[in-house]
Amino acid sequence: MSQKVPYVSLEYSKPAPEDLLSRSREFLDLMKKRRTVRDFSSEPVPDEVIFNCIEAAGTAPSGANMQPWHFVVVKDHTIKKEIRQAAEKEERINYELRYSGEMKQDIAKLETNFEKPYLEKAPVLIAVFKESYRLDENQVRRKNYYVNESVGIATGLLITALHTAGLVALPHTPSPMKFLNTILKRPNNESPTVLFPVGYPAGNIQVPDLKRKPLNEIITVF
Ligand code: IYR
C-alpha cells in the first residue's frame, strides 16, 4: 500500500542574476581551499559544530528518502586508540601484502604509510556507516535504494559542511574496516564506508601540491 505524505510550500527565493553569480564564485573559492590534512592539532572542537555538520550531511537526497546512513562520533581517547590499533593492523597488511605495485606508485605522492597517528590525535573521529538494508518493526528485511549514491552524497555534504565551518578532515578508508562495527557497536545491516579524523590542522603544516583537473577537462557541454 502506498503511503502519502502532506505537501508544503517550497522555501525558495530566486536570487538576482548578479547574486547568483557572486554566490557561486564565493562558494567555488571556498571549496578550492579545501585540502585533506593528515597532521591534526589535538585541540578539542565544539560538539555542536560537529553535530550541525552531521545534521547538514543528513539533508542529502536519498533513494526513496530512506536516509540509509548513520554517523558515529568518537571523542573518547580509549576508543580512538582501539580504532587506531585495528586500522594499523589492517593497513600494515595492506602496505606489505595487499596493495599492488601500481597502487603503491599511485599513492606515493601522498607519502602515506601504515601508521595512523591522526586516529588518536584528532579530537574527533566521524565514522560513516551505510545501511545496506533496514529491519522493520517485525525485524523483516526491507530494501534501501541507491545506498552507495545516497551515502556518497551525504558524505560530500559532510566534508563541505566541515570545511565551511572551518575544520579540516581526512577521508580515511582502512580496508577491510568491518572492525568498526565491533568497536562502535553497529548492527550487521550497516557497513562502514569512511572514517574521518576531524579537527584543526597542527600549526602551519604543509600539504602536497596536488592540482585539480581544470574545468575544461571535467566538463562537456552540449
Ligand atoms: N588506505 C591507505 C592507503 C591509501 C590509499 C589511497 I587510494 C589514498 O588516496 C590514500 C592512502 C592509507 O590510508 O594509508
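Where in the chain is the place of Glu111? In this predicted model, Glu111 is found in the loop between α4 (101-107) and α5. The residue counts as exposed, with a relative accessibility of 71%. Its phi is positive, at about 50°, although Glu111 is not a glycine. Most residues other than glycine have a negative phi, and most peptide bonds are trans. Glu111 is also one of the residues that lie nearest the centre of the largest pocket, a feature described further below.

The overall architecture may be considered next. The protein holds eight helices and six strands. Read from the N terminus, these elements follow the order α-α-β-α-α-α-β-β-β-α-β-α-β-α. The C-alpha trace spans about 55 × 55 × 40 Å along its principal axes. Of the 222 residues in the protein, 35% are buried.

Two further backbone features were identified in loops. Ala64 has a positive phi, near 55°, and is a residue other than glycine. It is located in the loop between α2 (47-57) and β1 (69-74). With a relative accessible area of 54%, Ala64 is exposed, because the threshold for that class is over 50%. The second feature is a cis peptide bond, which joins Ser175 and Pro176 with an omega of about -5°. Pro176 belongs to the loop between β5 (168-169) and α7.

The largest pocket contains about 330 Å³ of space. Its lining is made up of 17 residues, and those nearest the centre are Arg38, Asp39, Leu110, Glu111 and Thr112. By residue class, the lining consists of seven nonpolar, four polar and six charged residues.

The surroundings of the ligand were examined separately. The residues around the ligand are Arg38, Glu91, Tyr95, Tyr99, Met103, Ile107, Leu110, Thr112, Asn113, Lys116, His172 and Thr173. Among them, Arg38, Leu110 and Thr112 are also named with the residues nearest the centre of the largest pocket. Polar contacts to the ligand involve several side chains. A polar side-chain atom of Glu91 is placed 2.9 Å from a nitrogen atom of the ligand. For Tyr95, a polar side-chain atom lies 2.4 Å from an oxygen atom of the ligand. In the case of His172, an N or O atom of the side chain is 3.3 Å from an oxygen atom of the ligand.

Charged side chains also pair within the protein, and the count of salt bridges comes to seven. One of these is formed by the side chains of Arg84 and Glu120, with an N to O distance of 2.8 Å. Arg84 lies in helix α3 (residues 77-98) and Glu120 in helix α5 (residues 118-121), so this pair ties together parts that are 36 residues apart in sequence. Arg84 and Glu120 are both buried.

A salt bridge is likewise present between the side chains of Glu90 and Arg98, at 2.9 Å from N to O. The partners are placed in separate accessibility classes: Glu90 is buried, with a relative accessible area of 18%, whereas Arg98 is partly exposed at 43%. The side chains of Glu190 and Arg186 meet in a further salt bridge, with an N to O distance of 2.8 Å. Here Glu190 is buried, with a relative accessible area of 4%, while Arg186 counts as partly exposed at 22% relative accessibility. Salt bridges that share partners join Arg84, Glu88 and Glu120 into one network.

Two hydrophobic positions complete the description. Leu184 is part of helix α7 (residues 179-184). Its relative accessible area is 11%, and Leu184 is therefore buried, the limit for that class being under 20%. Leu184 and Ala127 are 57 residues apart along the chain, and their C-alpha atoms are separated by 8.9 Å. Phe27 lies in helix α1 (residues 17-32). At 43% relative accessibility, Phe27 counts as partly exposed. From C-alpha to C-alpha, Phe27 is 38 Å apart in space from Ser100, and the two are 73 residues apart in sequence.

Definitions and conventions:
Residues are numbered from 1 along each chain as its sequence is written. This is a predicted model: local features need pLDDT of at least 70, side-chain atom pairs count only at pLDDT 80 or more; totals for chains, interfaces and linings use all residues. Side-chain values use heavy atoms; hydrogens and water are left out. Helices (H or I, at least four residues) and strands (E, at least two) are DSSP runs, numbered from the N terminus. Buried means under 20% relative accessible area, exposed over 50%, partly exposed in between (1.4 Å probe, protein chains only). On a 1 Å grid over the protein atoms alone, a cavity is a set of points where a 1.4 Å probe fits but cannot get out, and a pocket is an open set with protein on both sides within 12 Å along at least five of seven lines; lining residues have an atom within 4 Å of a point. Grid points are joined across faces, edges and corners, and a volume is the space filled by probe spheres set on the points. Ala, Val, Leu, Ile, Met, Phe, Trp, Tyr, Cys and Pro count as nonpolar, Asp, Glu, Lys and Arg as charged, and the others, Gly among them, as polar. A salt bridge is a side-chain nitrogen of Lys or Arg within 4 Å of a carboxyl oxygen of Asp or Glu. A residue is near a molecule or strand if one of its heavy atoms lies within 4 Å of it. A polar contact is a pair of N or O atoms within 3.5 Å; within protein, one must be able to donate a hydrogen and the other to accept it, and residues adjacent in sequence count only if both atoms are side-chain atoms.
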